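The following exercises are to be worked with the sequence and the model side by side. Each task is followed by a solution in steps.

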Amino acid sequence: MTLAKSLNSLARIVAACLAIAVIQGCATRQESNESLVPMFQGQRVWNGVTVTPEGRVFVSYPQADSAGMQVAELDAQGRPYPFPDASWNGPQTWAPGTVGSGYVHVNALRVGPDGKLWIVDAGAPGMGQPAVKGGARLFRFDPQTRQLLQTYDLAAAVHPYSYVDDVRFNGNHAYLTDAGAPGLIVLDLRTGATRRVLDNNNATTAMRPLRADGRAVLDPKGQPVRVHADQLEVSPDGQWLYFQPASGPMARVATRWLNDPAVSEKEIASHVELAWADTPSTGGTAIDAQGNLYTTDTDKRRILRITPQGKISTLIQDDRLVWADALWIDRDGYLWIPASQLNLTPGFNDGRMQVRYPVWIYKLRTQARPSPLDHP
């Protein structure tokens, strides 16, 4: 075969591959020319990071590799200090059926548009375990004084095997996902009233396998892990809620249907755009001021960008992004990325512990700016 023919054959192969990539909705070429910036390393698995406008850094630990601190503030050297104090993070102060002071199981945290630190207590000691009565709560702390300002009790909107996963804000409302018993929770921040919507709906239920690093994610019994409604984001104008099970795909619904208590469950379900974006297995998401969504791909160690029109592209792909989890966009346009290695912990790894310490938090320079619904 001549050189010209070889080059023509290669060109056809490349063109075919690119065509397949376009059909699948995700370009193979990464967009970012920036490199990951290592920020902090630790000897525990962390699954969330959030940064105040003053630059204070808070992290959450899902207890996936060991028990201990659940929420910490990191100093400049990355040393963790329990937040708000050691007593909240101490030995369990609850027993089955009762809740004392302190956390049951923190699963998410973020600085809200009011500048306060909001912490989600899943309310169950682990995924697939019975929820602790009164354990599902949303806490609002003052990060400056470390004082608890408010507790929202989510008991009226959870099921016996609920695992409240994450939260986003939209004016007087907050939305939370339930990864244990598929559904969404709508919280009125003024009154504390809660409503459960899209209960066991296809959009909130894990309908396909969760994957990481090219294989299915298995629990200690060798069964596929199902993480129901998990990631969620609100469009910067507050008009849309995007949400999905951890294994995708991503759906969306207009928030006006969620915010009105008079709208029936059937009516809400009729307005859901199921599979709005065919996202892969995902650890975490973020959204910027332009409405672009950022989702991690746990199967291919990359971060995708999804435009408001649903076009998917690869922002960055890096072998260090082992189960990149909950993302955060700061005021300087950096995307913060905890590489949690959650898929190497026993609960997600067929009972085997294979985390390679230290566990890192990276950040990536982008042109993005945070959504006004995420920052004060």
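## Exercise 1: Cis peptide bonds

Proline 358 is found in the loop between strand 25 (334-339) and strand 26 (359-365). The model examined here is a predicted one.

Task. Determine which peptide bond leading into proline 358 is cis, and what its omega is near. Then treat proline 249 in the manner of the previous step, and state where it is placed.

Solution.
1. The bond that runs from tyrosine 357 to proline 358 is cis, and its omega is near 0 degrees.
2. Proline 249 has its place in the loop between strand 17 (240-245) and strand 18 (250-254).
3. The bond from glycine 248 to proline 249 is also cis, with omega near -10 degrees.
4. As background, most peptide bonds are trans.

## Exercise 2: Positive phi values

Task. State what phi is near in alanine 275 and in tryptophan 323, and classify each residue as buried, partly exposed or exposed.

Solution.
1. In general, most residues other than glycine have a negative phi.
2. Alanine 275 belongs to strand 19 (residues 273-277). Its phi is near 55 degrees, a positive value in a residue other than glycine.
3. The relative accessible area of alanine 275 is 42%, so this residue is partly exposed.
4. Tryptophan 323 sits in the loop between strand 23 (312-317) and strand 24 (328-329). Phi is positive here too, near 50 degrees.
5. The relative accessibility of tryptophan 323 is 3%, and this residue therefore counts as buried.

## Exercise 3: Aromatic pairs around tryptophan 88

Task. For tryptophan 88 and phenylalanine 139, decide whether the pair is stacked or edge-to-face. Repeat the analysis for tryptophan 88 and phenylalanine 141.

Solution.
1. The whole structure contains 14 aromatic pairs.
2. In the pair of tryptophan 88 and phenylalanine 139, the ring centres are 5.2 Å apart and the planes stand at 90 degrees, so the geometry is edge-to-face. The cut-off for this class is a plane angle over 60 degrees.
3. The two residues come from distant parts of the chain: tryptophan 88 is in helix 2 (residues 86-89) and phenylalanine 139 in strand 8 (residues 137-141), 51 residues apart.
4. Tryptophan 88 and phenylalanine 141 also make an edge-to-face pair, at 5.3 Å centre to centre and with 75 degrees between the planes.
5. Because tryptophan 88 lies in helix 2 and phenylalanine 141 in strand 8, this pair ties together parts that are 53 residues apart in sequence.
6. Burial follows from the accessibility values. Tryptophan 88, at 17% relative accessibility, counts as buried; phenylalanine 141, at 0%, counts as buried; phenylalanine 139 is buried as well.
7. One aromatic cluster holds these three residues, Trp88, Phe139 and Phe141, together with Phe58, Phe83 and Tyr103.

## Exercise 4: Charges over rings

Task. Identify which residue lies over the face of tryptophan 240, and which lies over the face of tyrosine 334.

Solution.
1. Over the face of tryptophan 240 lies arginine 252, at 3.7 Å from the ring centre.
2. Over the face of tyrosine 334 lies lysine 363, at 4.0 Å from the ring centre.

## Exercise 5: Strand 10 in sheet, pocket and cavity

Task. Describe the sheet that contains strand 10, then establish what strand 10 gives to the lining of the largest pocket and of the largest cavity.

Solution.
1. The sheet is open, with 4 strands in the order 10-11-12-13 and antiparallel pairing. Its edge strands, each paired on one side only, are strand 10 (164-170) and strand 13 (194-197).
2. Strand 10 pairs with strand 11 (residues 173-178) over 5 bridges. Arginine 168 has tyrosine 175 in strand 11 as its bridge partner.
3. The largest pocket has a volume of about 790 Å³. It is lined by 39 residues, and those closest to its centre are Asn107, Met127, Tyr163, Leu342 and Phe348.
4. Strand 10 gives the most to this pocket lining, with 3 residues. Strand 6 (106-111) and strand 16 (229-234) each supply at least two.
5. The search for cavities of 30 Å³ or more finds 2, and the largest cavity has a volume of about 70 Å³.
6. Strand 2 (48-51), strand 6 and strand 10 each supply at least two residues of the lining of the largest cavity. Among the lining residues are Asp166 and Arg168.

Technical notes:
Residues are numbered from 1 along each chain as its sequence is written. This is a predicted model: local features need pLDDT of at least 70, side-chain atom pairs count only at pLDDT 80 or more; totals for chains, interfaces and linings use all residues. Side-chain values use heavy atoms; hydrogens and water are left out. Two strands pair if DSSP finds at least two bridges between them. Rings of Phe, Tyr and Trp (its six-membered ring) pair if their centres lie within 6.5 Å; planes under 30 degrees apart count as stacked, over 60 as edge-to-face and the rest as tilted. Buried means under 20% relative accessible area, exposed over 50%, partly exposed in between (1.4 Å probe, protein chains only). A charge sits over a ring if NZ of Lys or CZ of Arg is within 6 Å of the ring centre and within 35 degrees of the ring normal. On a 1 Å grid over the protein atoms alone, a cavity is a set of points where a 1.4 Å probe fits but cannot get out, and a pocket is an open set with protein on both sides within 12 Å along at least five of seven lines; lining residues have an atom within 4 Å of a point. Grid points are joined across faces, edges and corners, and a volume is the space filled by probe spheres set on the points.
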